[in-house]
Amino acid sequence: MNTSTTPEPIIELKDVVKEFSTGGGFGKQDTFKALNSISFSLHKGRTLALVGESGCGKSTCARLITKVHAPTSGEIHYRGKNLNEIKNRKETLDYRSKVQMVFQDPFGSLNPTHTIEHHLTRPLLIHKQVSNKQQLREKLEELMGLVELPVQDLEKYPHQLSGGQRQRINLARAIAVGAEVILADEPTSMLDVSIRLGVLNLMKEMKEKMGIGFLYITHDLATAHYIAEETAVMYKGRIVEWGDTQAILKNPTHPYTRLLISAVPDPDLPFRDLVESEPNYSLSADKIRSESMKPSTGMKQVGFNHFVLNWEEGVAA
Ligand SMILES: Nc1ncnc2c1ncn2[C@@H]1O[C@H](COP(=O)(O)OP(=O)(O)OP(=O)(O)O)[C@@H](O)[C@H]1O
Ligand SMILES: [Mg+2]
């Protein structure tokens, strides 16, 4: 992204490539390139939306940032330090507490046999955020206030909360651990439409009031503008268009971005006119996909902070 005018990022990916081995048989080792030259930065108090369809590599980016996998080439930096240099147990634990994941399934990461209080107390104690019982109680109440849940919910078990409330607990837990950056992987896609916006608004408040940096992973471009100043559109392991979210929504330039936008049914969005004026985008979806897959021949700047990968029209991949 546009790093020249902004302070040092918390997380920076530089030309990251990730290949997975796919076996191949007969002694061959085939590889699959899940990420191809990915570069972006995450900043304090800002959100980057990483948008694209299933399998394009969004979660792989998050898994590389949390050190589940190492990049095949390229570098990932945390406050200027290469993640490769974060090796010993203490440093790794410290890094993992600063860079937290929140997942799609708000139930998956909560233990059904423990109360909400237990879920929040543990990280506070492990990360030495409190030194006595009174401080612990105060901190627990503060956390519940931050995520707009009543203090009484501390005594409840995960199954006694709604999906949206459970996702709020996951966000509270990330704060309890001391997160600077939260990688939110489809955090609202399993929630009822009516409560999605509440969770997105909470993330926005955490960003604005607490300075948390977010990577907001979604397949739904329509939700990016609620919380993300910047957006990167991914297709098959590459970022095809990136920059200010508003610029991308108002002037989507890459055929794949236009295809994504044409699939958005929300009539209140700023690009409604575009969808109405060009109703045939989805009809030519296969052609757009095959064009978007071809190796890129550079990129161009189409606005102040708006870039697009070049593509070649009309030739089958
Ligand atoms: N450990 C792995 N080994 C082999 N291939 C993998 C591995 N992890 C991911 N992939 C492949 O990399 C590609 C990107 O996967 P990834 O999970 O990042 O997609 P995604 O954009 O998060 O998709 P979704 O929206 O469905 O979550 C997929 O084709 C996937 O099969
Ligand atoms: Mg994923």
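Biologist: What makes up the accessible surface of the chain in this predicted model?

Modeller: The accessible surface comes to about 15300 Å², and 51% of that belongs to carbon and sulfur atoms. Of the 317 residues of the chain, 47% count as buried. The secondary structure comes to 11 helices and 12 strands.

Biologist: Which separations in sequence do the contacts join?

Modeller: Take the contacts between residues at least 6 apart in sequence: 65% of them join residues at least 24 apart.

Biologist: Let's turn to the helices. Why are H4 and H5 called oblique to each other?

Modeller: The axes of H4 (residues 133-146) and H5 (residues 163-177) cross at roughly 130° and come within 9 Å. Roughly perpendicular covers 65 to 115 degrees, and roughly antiparallel needs an angle over 145. The crossing angle of roughly 130° fits neither class, so the pair is oblique. As for handedness, the crossing of H4 and H5 is right-handed.

Biologist: Which residues meet where H4 and H5 are in contact?

Modeller: From H4 come Leu 143, Met 144 and Leu 146, and from H5 come Ile 169, Ala 172, Ile 175 and Ala 176. That contact divides into seven nonpolar residues, no polar and no charged.

Biologist: Good, now a loop. What makes Glu 186 count as buried?

Modeller: Buried means under 20% relative accessible area, and Glu 186 has 11%, so Glu 186 counts as buried. Glu 186 lies in the loop between strand S7 (181-185) and helix H6 (193-210).

Biologist: And what is notable about the phi of Glu 186?

Modeller: Phi of Glu 186 is near 50°, a positive value in a residue other than glycine. For background, most residues other than glycine have a negative phi. Arg 79 is another case, with a positive phi near 45°.

Biologist: Where is Arg 79 found, and why is Arg 79 called partly exposed?

Modeller: Arg 79 is found in the loop between strand S4 (73-78) and strand S5 (81-82). The partly exposed class lies between the 20% and 50% cut-offs. Arg 79 has a relative accessible area of 38%, so Arg 79 is partly exposed.

Biologist: How do you know that His 219 counts as partly exposed?

Modeller: By the same reasoning: the relative accessibility of His 219 is 44%, which means that His 219 counts as partly exposed, since exposed needs over 50%. His 219 is found in the loop between strand S8 (213-218) and helix H7 (221-227).

Biologist: Which residues is His 219 in contact with, leaving aside its neighbours within four places in sequence?

Modeller: Those are Val 51, Gly 52, Glu 186 and Ser 189. The buried Glu 186 is one of them. From C-alpha to C-alpha, His 219 is 9.4 Å from Val 233, and the two are 14 residues apart in sequence.

Biologist: Finally, what makes you say that helix H9 is mostly covered?

Modeller: In H9 (residues 255-262), eight of its eight residues are buried. Among them are Pro 255, Tyr 256, Arg 258 and Ser 262.

Biologist: How do you know that Ile 288 counts as buried, and how far apart are Ile 288 and Arg 258?

Modeller: The relative accessibility of Ile 288 is 7%. The cut-off for buried is under 20%, so Ile 288 counts as buried. The place of Ile 288 is in helix H11 (residues 285-293). Ile 288 and Arg 258 are 30 residues apart in sequence, and their C-alpha atoms are 9.4 Å apart in space.

Technical notes
Residues numbered from 1 in each chain as written. Chains lettered and ligands numbered in written order. Predicted model: local features only at pLDDT ≥ 70, side-chain atom pairs only at ≥ 80, totals over all residues. Heavy atoms only, no water. Axes fitted to C-alpha atoms, helices over the stretch in contact; angles between N-to-C directions. Helix = DSSP H or I, 4+ residues; strand = E, 2+ residues; numbered from the N terminus. Parallel < 35°, antiparallel > 145°, perpendicular 65-115°, else oblique. Left-handed = near helix turned anticlockwise from the far one by under 90°. Contact = heavy atoms within 4.5 Å. Nonpolar A, V, L, I, M, F, W, Y, C, P; charged D, E, K, R; others polar. Buried < 20%, exposed > 50% of the residue type's maximum accessible area, 1.4 Å probe, protein only. Areas by Shrake-Rupley, 256 points an atom, 1.4 Å probe, with all protein chains shown as cover.
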